[in-house]
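Student: Could you show me how to read a hairpin, a pocket and the confidence scores in a model like this one?
Tutor: Gladly, let's begin with the hairpin.

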Amino acid sequence: MHDAVPTSASELFDLLPASTLLRQFPQPLAVLDGTGNRVLLVNDALAMRCGRVQADLSDIELSQLQRLYGEMSTTGASSCTHLHPLQLDGGSALLWLPEHCSGEGSAVARDELTGLESRRAFETRLRGLLAKKLDGVLIRFEIDQFKLINDAYGREAGNQLLIQLGHLVASLVRDDDEPARLGGDEFAIVVSDGDAERAWQIAERVRLQVAAQGFEWSGRAYGVTMSIGIATFADAYHDFVELLAAADTACEAAKSRGRNRIEIYRREDGEVHRLRGEQSWGARVLDTLEASRFALYQQRIEPLSGGGRGHCEVLLRVRGVAGWTPPGEFVAAAERYGLMPQVDRRVIARVLKEIARLPADQRPLCAINLSGHSLGDQGLAAYIERMLDRYEVDPDHVCFEITETAAIANTARAVALVGALKRLGCSVALDDFGAGMSSFSYLKSLDVDMIKIDGSFVRHVATDAVDAATVEGMVKIAGLRGLATVAECVEDEASLRRLTELGVHAAQGFYLHRPEPWSLP
């Protein structure tokens, strides 16, 4: 079967390698449809400048994007309407390059919101210091849980907090250690003539004062803290990119170790090493997407009552030192850089393409995992519909699995997406069922077709009476809702026998079938 030819700019972008535009344009950019009114794609730089993930900025009006950019930007270029033509394989689209619309390209010295040094001016100054091979230290600050205040009380409250903290930080440092706002809730200070100890003293003074001052809005006081990362010029070999990455890694380590603390970048630190690994994976994620260098494995899901339809779960694998491995670090990096919606879309397209290659009477029900990040991808259902049409796959052959924890964290979005998938004719499974505290209550709001019982209740079901009773309760509740049940992580004959006695419909696990390659690049 030949792939259908894309008929719209949106479909062209579905096929476009993920890093082509992202890598070519390190400055903020958006790709618009041919009318120049609708956003098809934004790159990571623009998403970061807007303080959003890429999925939130796709399929919205340009005017909305301009407003978000204007609220967060330090350049004042949000009202720009200069558009640049872009030709793609016979299709056309437009580029919006907000920071280039002024025509001057010079760094803006001050951040319009806080009055601190702007990111572009800061980076220019930092590059100059590094070129002189001076001893110095970079301190990076990030407000803990800033998004909570923004989401709960609006952008006006968030902006007021940024202004207050900007003034506070500026009052606590020497004139020579001028602070800058990097964008969003991120600040930085360059100590051009000091070592890590002096930088730590400055950072600690800021940390304590921020915590003591707090934040007041609408007559209520809120505690505010900062996570802080420190990196010396020498540890980064006086390299600009390496220094920013080192300070970012130290700041991430501070957040992962409890927030409201300071971490100094040290190469021998195991946690720092792990976080740097995730950062290096960020580029590898783009490489993997661009060249489709990922594999799909499949694991059968066996019916326990005999007969039944062929059913399998599709599992993502990426190239590791020892071959194709589970994508732990890959997914962590993709989540951190907002790339999981793109990963999910690539997997969906690849699965449908593989199903289309099979004879119609041999096509199984293929379960595809959706990440929690894709629950907020407003264009996902439309994308799936296009891919089903492109590969001429009956939606009855596709089941999407959403983890219970992701559904609980994003209930409204999960309900909307499940409804959209069901309207397409696809089935939906609630994965890892029982892992949350309110499992049964969520069955009332989510119109799923099956539940997959979490492996923590399955592994000892043959010997643990509580686990057996829990599984039995799940089966009964599912039966009342007309839902199928699948037991995960079945690892022995005794467990399989007990699950059959309890009325579970199907089972999955190493005892029945170990995952095997299904689609290799």
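Student: Which residue takes a positive phi in the hairpin of β1 and β2?
Tutor: Strands here are DSSP runs of E with at least two residues, helices are runs of H or I with at least four, and both are numbered from the N terminus. Two strands pair if DSSP finds at least two bridges between them. In this predicted model, β1 (residues 30–32) and β2 (residues 39–42) pair in the antiparallel sense over three bridges. Val 31 sits opposite Leu 41 of β2. Six residues lie between the strands, and Gly 36 has the positive phi, near 80°.

Student: How far can I trust the model, and what was counted?
Tutor: pLDDT is the predictor's confidence in each residue, from 0 to 100. The protein chain averages 81, and 80% of the residues score at least 70. Residues 1–24, however, are below 50, with 56 contacts beyond near neighbours in sequence; a contact means heavy atoms within 4.5 Å. As this is a predicted model, local features need pLDDT of at least 70 and side-chain atom pairs 80 or more, while totals for chains, interfaces and linings use all residues. Residues are numbered from 1 along each chain as its sequence is written, and side-chain values use heavy atoms, leaving out hydrogens and water.

Student: Which residues are closest to the centre of the second largest pocket?
Tutor: They are Glu 313, Val 314, Leu 315, Asn 369 and Asp 431, out of 34 that line this pocket. A pocket is an open set of points on a 1 Å grid over the protein atoms alone, where a 1.4 Å probe fits, with protein on both sides within 12 Å along at least five of seven lines; lining residues have an atom within 4 Å of a point. β14 gives the most to the lining, five residues.
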